[in-house]
Amino acid sequence: MRYHFLAAALAASTAITLAAPAGAADLEVTHWWTSGGEAAAVAEFAKAFDATGNKWVDGAIAGGGSTARPVMVSRITGGSPMAATQFNTGRQAEELVEAGLMRDFTDLAAKEGWKDFIRPASLLEGCTVDGKVYCVPVNIHSWQWLWLSNKAFEDAGVPVPTNWDEFVAAGPALEKAGKIPLAIGGQSWQTTGTFNVLIPAIAGKDVFLKVYQDHDAEVAAGPEIAKVFKAADDARKMSAKSNVQDWNQATNLVITGQAGGQIMGDWAQGEFQVAGQVAGKDYTCLPGLGVNQLISTGGDSFYFPKLDDADKTAAQEVLASTMLNASTQVAFNLKKGSVPVRGDVDVSAANDCMKKGLDILAKGNIIPDTNQLNTEDTNNQLNDLFVEFFKTPSMTPEEAQKRYAAIIASAD
Amino acid sequence: MSISGTTTRRPSQLFRNLNAKIASLPMILTALVVFLGGTAWTIVYSFTNSKLLPRLKFVGLDQYERLWSQSRWFTSIENLLVYGVLSLIFSLVIGFILAALLDQKIRFESVFRTIFLYPFALSFVVTGLTWQWILNPDFGVQHIVRSLGWESFNFNPLYDQQIVIYGILIAGLWQGTGLIMCLMLAGLRGIDEDIWKAARVDGIPTWKTYLFIVIPMMRPVFITTLVIIASGIVRLYDLVVAQTSGGPGGASEVPAKYVYDYMFLAQNLGQGFAASTMMLLSVAIIVVPWAYLEFGGKKRG
């Protein structure tokens with residue numbers, strides 16, 4: 001009796017599946033966007049994709065990229081791939097592509113003319129391996145921002161700095177007023193990020209490219225980078241009292257005026273927005289640390305593993321073009337706090353800081369993101385070095401530079 | 001019943017206890033394929049330059065050279081040594097003392113036993129997070145003592161590079177000592193009451209009885225305990241991740257975390273395999289001579 005019922009139920013469920021319109025499919029999409037603003041942004045993708053008659057199955061993995069990426073990679077290599085997955089624009093999925101596990105979207109890209117509207121071109125280049133397009137960039141995030149709390153400087157009785165040197169000079173005054181001059185979270189990627197932002201600001205774009213693009217160890221050991229280490233030493237002293245872990249806790253120190261400033265990517269802007277702060281009035285943003293107006297063009301891309309199911313494979317193409325659709329791009333990026341990858345959409349809703357970024361982008365003052373230039377192995381070694389440097393006052397800049405040069409020399 | 005003397009051949013050695021052999025076959029296969037096979041595979045690939053995916057492109061000892069030039073690796077080993085030695089000594093000493101105290105036929109023994117064993121029911125992650133809060137200078141022990149009036153009181157292990165490993169040790173001991181106590185208590189209960197009576201008749205002080213009579217008699221219990229503690233030391237990982245995630249500034253890194261980070265975060269399998277092979281080697285150096293002495297020599301009663 002029970003068996004009959006079970007069989008009937010199974011038969012019924014199969015019938016339902018078969019009855020679904022051909023071509024439509026459920027696609028599982030994995031990503032690590034779990035904070036409030038991020039989840040709202042993802043919902044825009046899901047809404048747009050559901051509207052095409054398919055179904056977005058959300059596969060959010062909590063804990064940030066470093067927790068999520070191992071899960072994603074082991075699912076793909078382990079033979080149970082999702083239909084689409086996020087990675088940072090760059091080299092994180094390089095080997096998966098080389099191993100032939102990812103789908104190639106060259107035809108779709110040519111048909112829709114991705115080359116014509118995705119700007120800067122480096123984004124699509126990051127997705128291209130041997131002339132074939134393997135991923136869809138969805139947003140642009142840049143690292144080179146110094147966020148300053150106007151209240152903290154008011155309390156300390158000094159004017160809000162307009163560049164890095166003034167900020168360093170204001171350090172003692174901030175400290176006297178009981179503030180932490182520079183907030184840096186304890187996670188290692190934040191210290192590396194701070195250093196990587198200091199390079200183009202202190203030593204310029206060329207040095208940045210020589211070190212990270214050409215992996216020139218001589219430049220890494222040279223006097224220009226020595227200056228950067230000097231600046232990092234200043235940053236280290238200014239951040240000595242900052243004992244928070246997460247980046248948003250550090251941002252919160254700036255929002256509440258307990259800290260003078262923070263070097264962090266433009267995603268920090270979402271935190272200021274949520275706290276109801278107004279750019280220019282409550283906080284100040286200095287792209288390129290107010291020295292060299294340069295921003296990097298990192299961000300997130302979606303990769304599509306190869307699947308056996310024909311319906312799902314067809315739906316993957318729909319998802320890819322939905323993500324790049326002009327209206328989806330605007331809706332998604334406004335919620336995410338990032339810049340759309342399309343140069344031809346209306347972003348008048350952007351705030352002051354975002355407009356500064358768009359302006360620099362339009363002028364073409366851009367550098368590639370370190371994720372695009374370095375392997376995860378190199379980034380991880382840099383993380384180990386910088387977290388040690390920033391938390392060990394006895395480690396000299398010279399000593400750190402020697403190890404830095406060795407890492408750059410072994411990078412590939 | 002005249003089997004003896006007949007010419008029947010003895011059944012082949014292979015088919016003796018056939019049922020038992022068939023029953024243990026899955027376990028033998030698991031041990032061979034998963035443990036030995038996996039170990040061999042790891043060692044072979046530690047000589048390659050495998051990145052995200054394993055590939056057989058041999059690079060000789062490059063991974064090992066790189067491993068032994070990393071200051072993070074040295075810190076990890078040093079931390080594991082400090083943690084290992086101290087955790088071994090303290091869990092045994094504290095565990096034994098607690099057990100000896102509980103063995104004095106006190107009232108509410110089972111209540112105390114439950115209280116002491118309870119931390120063991122918590123996972124390392126929960127233990128680590130709890131102790132992260134307790135040791136947090138802004139609202140943990142330091143804050144409480146300071147608000148009681150000792151303004152200059154300083155107890156901040158998790159944010160001080162020099163002593164961070166002791167902060168982890170405290171949490172580890174808190175979690176693990178209860179189990180050691182229970183094992184010891186079981187051992188003490190196994191000692192014949194007559195031995196105590198005899199010692200008392202001979203006028204031997206209690207502490208001497210413990211040290212020279214009871215402890216030597218508890219040898220098997222101590223060995224079991226040692227193995228349990230040692231296995232807990234080598235796999236030290238989750239406690240560190242929950243309490244400090246290796247910080248501050250990489251001062252509380254441990255080898256298992258190095259392996260995980262390089263295999264999964266840095267997408268460098270070769271480096272992770274090299275590190276895990278070194279871990280296996282160090283365990284083997286300690287365990288093999290000991291096992292040889294313990295099991296290889298003449299059988300003890």
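**Figure 1. A:Ala362 in helix H18 of chain A.** In this predicted model, A:Ala362 counts as exposed, because 10 C-beta neighbours lie inside 10 Å and a residue with 12 or fewer is placed in that class. The residue belongs to helix H18 of chain A. A second alanine, A:Ala110, is separated from A:Ala362 by 252 residues in sequence, while the C-alpha atoms of the two are 24 Å apart in space.

**Figure 2. The contact between the two domains of chain A.** Chain A is divided into domain 1, which takes in residues 25–140 + 298–362, and domain 2, which takes in residues 145–296 + 374–410. Between the C-alpha centres of these two domains of chain A there are 28 Å, and the contact draws on 15 residues from domain 1 and 14 residues from domain 2. On the side of domain 1 of chain A that touches domain 2, helix H2 (36–50) and helix H18 (352–363) each supply at least two residues, and H18(A), the helix that also holds A:Ala362, gives the most, with seven residues. Sorted by character, the residues on this side of domain 1 of chain A are four nonpolar, eight polar and three charged.

**Figure 3. Helix H9 of chain A, its bend and its buried residues.** Helix H9 of chain A, residues 164–176, has 13 residues and reaches 19 Å from its first C-alpha to its last, which is close to the 18 Å expected at 1.5 Å a residue. H9(A) nevertheless bends by about 40 degrees at A:Ala170, and a proline, A:Pro172, follows within four residues. The residue at the bend, A:Ala170, is buried, as are A:Trp164, A:Phe167, A:Gly171 and A:Leu174 of H9(A). As background to such a pattern, an α-helix has 3.6 residues a turn, so residues three or four places apart point the same way. The buried residues of H9(A) pack against three helices of chain A, namely H8 (150–156), H10 (188–203) and H13 (223–238), and against strands S7 (145–149), S8 (180–182) and S9 (259–263) of chain A. Just after H9(A), the backbone at A:Gly178 takes a positive phi of about 80 degrees.

**Figure 4. The cis peptide bond before A:Pro120.** The peptide bond that runs from A:Arg119 to A:Pro120 is cis, and its omega is near -10 degrees. A:Pro120 is placed in the loop between helix H6 (114–117) and helix H7 (121–127) of chain A.

**Figure 5. The fold of chain A around these close-ups.** The secondary structure of chain A comes to 21 helices and 13 strands. Chain A is as compact as a globular protein of its length, because its radius of gyration of 23 Å is close to the 22 Å that the globule rule gives for 412 residues. Taken along the principal axes, the C-alpha atoms of chain A fill a box of roughly 80 × 50 × 45 Å, and buried residues make up 50% of the 412 residues in the chain. Among contacts in chain A between residues at least 6 apart in sequence, 76% join residues at least 24 apart.

**Figure 6. Two loop residues of chain B with positive phi.** B:Lys105 is found in the loop between helix H3 (71–102) and helix H4 (109–117) of chain B, where its phi is near 55 degrees, a positive value in a residue other than glycine. With 6 other C-beta atoms within 10 Å, B:Lys105 is exposed. B:Ser245, in the loop between helix H11 (238–243) and H12 of chain B, also is not a glycine and has a positive phi of about 40 degrees. B:Ser245 is partly exposed, with 19 other C-beta atoms within 10 Å, because a residue counts as buried if that number is 20 or more.

**Figure 7. Chain B and the side of it that touches chain A.** Chain B comes to 13 helices and zero strands, and its radius of gyration is 25 Å, whereas a compact globule of 301 residues would have a value near 19 Å. The C-alpha atoms of chain B fill a box of roughly 95 × 70 × 30 Å along the principal axes, and 30% of the 301 residues count as buried. In the contact between the chains, 16 residues of chain B meet 18 residues of chain A. Helix H12 of chain B, residues 255–265, provides the largest share of the chain B side, three residues. That side of chain B divides into seven nonpolar, six polar and three charged residues.

Notes. Residues are numbered from 1 along each chain as its sequence is written. Chains are lettered from A and ligands numbered from 1 in the order in which they are written. This is a predicted model: local features need pLDDT of at least 70, side-chain atom pairs count only at pLDDT 80 or more; totals for chains, interfaces and linings use all residues. Two residues are in contact if their C-beta atoms, placed from the backbone, lie within 7 Å. Ala, Val, Leu, Ile, Met, Phe, Trp, Tyr, Cys and Pro count as nonpolar, Asp, Glu, Lys and Arg as charged, and the others, Gly among them, as polar. The expected span of a helix is 1.5 Å times one less than its number of residues. The bend at a residue is the angle between axes fitted to the seven residues ending there and the seven starting there. Domain bounds come from an automatic or database domain assignment. The radius of gyration is taken over C-alpha atoms; the globule rule is 2.2 Å times the number of residues to the power 0.38.
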